[in-house]
Amino acid sequence: LRFYTDKGCPEFSNYYVTSSAIVYKGRQYATSEHAFQAAKFEYEGATRASREYAESIRVSSTPNKARILACQKIGGGYKWRTDLNKDIEKSIQSGVTLRPDWNQVREDIMKEILLCKFQQDKKCRDILLASGSRQLS
């Protein structure tokens with residue numbers, strides 16, 4: 001079952017905007033991508049600057065912008081992309097870094113977020129259940 005084709009299931013994408021916000025750890029996120037990217041900076045023991053940066057990721061206008069902000073890489077191209085550089089530069093200057101245990105916790109965090117998404121959104125849940133035992137790709 002492919003979800004990046006014309007006949008696929010875009011609901012399985014982390015960029016898919018559900019009918020209502022995804023609630024993860026008491027906060028609302030527009031997409032599972034927003035939640036995943038923000039989780040890189042929102043954790044127990046995070047600095048105030050890291051938590052503030054997580055919030056800017058959470059409220060970013062698109063999942064792609066959330067991903068780019070979380071990568072913390074200065075980039076060029078379209079104006080919407082270069083406009084992100086100011087926030088990225090500020091985060092770097094403020095000492096914001098990826099949570100130290102990210103590589104150990106990222107899969108569990110993604111599972112938690114996806115569980116929230118599919119439990120909270122009826123359309124996504126129904127499509128997932130209807131997929132049966134088909135392999136998702």
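**Exercises on helix packing and cores**

In helix 6, K117, F118, Q119 and Q120 make contact with K122, C124, R125 and L128 of helix 7. That contact is a good place to start, and please keep in mind that the model is predicted.

**Exercise A: helix 6 and helix 7**

Task: Work out how helix 6 is oriented relative to helix 7, and which residue classes make up their contact.

Solution:
- Step 1. Find the two elements: helix 6 covers residues 102-120, and helix 7 covers residues 122-130.
- Step 2. Look at the geometry: the helices pack at an angle of about 100 degrees, and their axes are 5 Å apart. Angles from 65 to 115 degrees count as roughly perpendicular, so helix 6 is roughly perpendicular to helix 7.
- Step 3. Sort the residues of the contact by class: three are nonpolar, two polar and three charged.

**Exercise B: one residue of that contact**

Task: Describe the surroundings of Q120 and decide whether Q120 is buried, partly exposed or exposed.

Solution:
- Step 1. Place the residue: Q120 belongs to helix 6.
- Step 2. List its contacts: leaving out residues up to four places away in sequence, Q120 touches A21, I22, V23 and R125.
- Step 3. Judge the exposure: the relative accessible area is 36%, so Q120 is partly exposed.
- Step 4. Check a distance: Q120 and A70 are 50 residues apart in sequence, and their C-alpha atoms are 25 Å apart.

**Exercise C: helix 2 and its neighbours**

Task: Find the buried residues of helix 2, say how they are arranged, and describe the packing against helix 3.

Solution:
- Step 1. Pick out the buried residues: in helix 2, residues 48-58, these are S50, Y53, A54 and I57. Viewed down the helix axis, the buried residues fall within an arc of 105 degrees, so they line one face of helix 2. A general rule helps here: an α-helix has 3.6 residues a turn, so residues three or four places apart point the same way.
- Step 2. See what covers them: the cover includes helix 1 (32-39), helix 3 (63-71) and helix 5 (85-93).
- Step 3. Look at the pairing with helix 3: the angle is about 155 degrees, with the axes 8 Å apart. Angles over 145 degrees count as roughly antiparallel, so that describes helix 2 relative to helix 3.
- Step 4. Name the contact: Y53, S56 and I57 in helix 2 meet A66, L69 and A70 in helix 3. By class, five of these residues are nonpolar, one is polar and none is charged.

**Exercise D: helix 1**

Task: Decide how enclosed helix 1 is.

Solution:
- Step 1. List the buried residues: S32, E33, H34, A35, F36, Q37, A38 and A39.
- Step 2. Compare with the whole helix: eight of the eight residues are buried, so helix 1 is largely enclosed by the rest of the structure.
- Step 3. Find the cover, which includes strand 1, strand 2 (27-29), helix 2, helix 3 and helix 6.

**Exercise E: the nonpolar cores**

Task: Say which elements build the largest nonpolar core, and follow Y24 to its contacts.

Solution:
- Step 1. Size up the core: it has 24 residues, and Y24, F41, Y53, I57 and I109 have the most contacts inside it.
- Step 2. Identify the suppliers: strand 1 (22-24), helix 1, helix 2, helix 3 and helix 6 each give at least two residues. Helix 6 gives the most to this core, with six residues.
- Step 3. Follow Y24: beyond neighbours within four places in sequence, Y24 is in contact with Y29, A35, I109, E112, I113 and C116.
- Step 4. Look for another core: a second, separate core of five residues includes C9, F12, F118 and C124.

How values were computed:
Residues numbered from 1 in each chain as written. Predicted model: local features only at pLDDT ≥ 70, side-chain atom pairs only at ≥ 80, totals over all residues. Heavy atoms only, no water. Axes fitted to C-alpha atoms, helices over the stretch in contact; angles between N-to-C directions. Helix = DSSP H or I, 4+ residues; strand = E, 2+ residues; numbered from the N terminus. Parallel < 35°, antiparallel > 145°, perpendicular 65-115°, else oblique. Contact = heavy atoms within 4.5 Å. Nonpolar A, V, L, I, M, F, W, Y, C, P; charged D, E, K, R; others polar. Buried < 20%, exposed > 50% of the residue type's maximum accessible area, 1.4 Å probe, protein only. Arc of directions from axis to C-beta. Core = buried A, V, L, I, M, F, W, Y, C linked by side-chain atoms within 4.5 Å.
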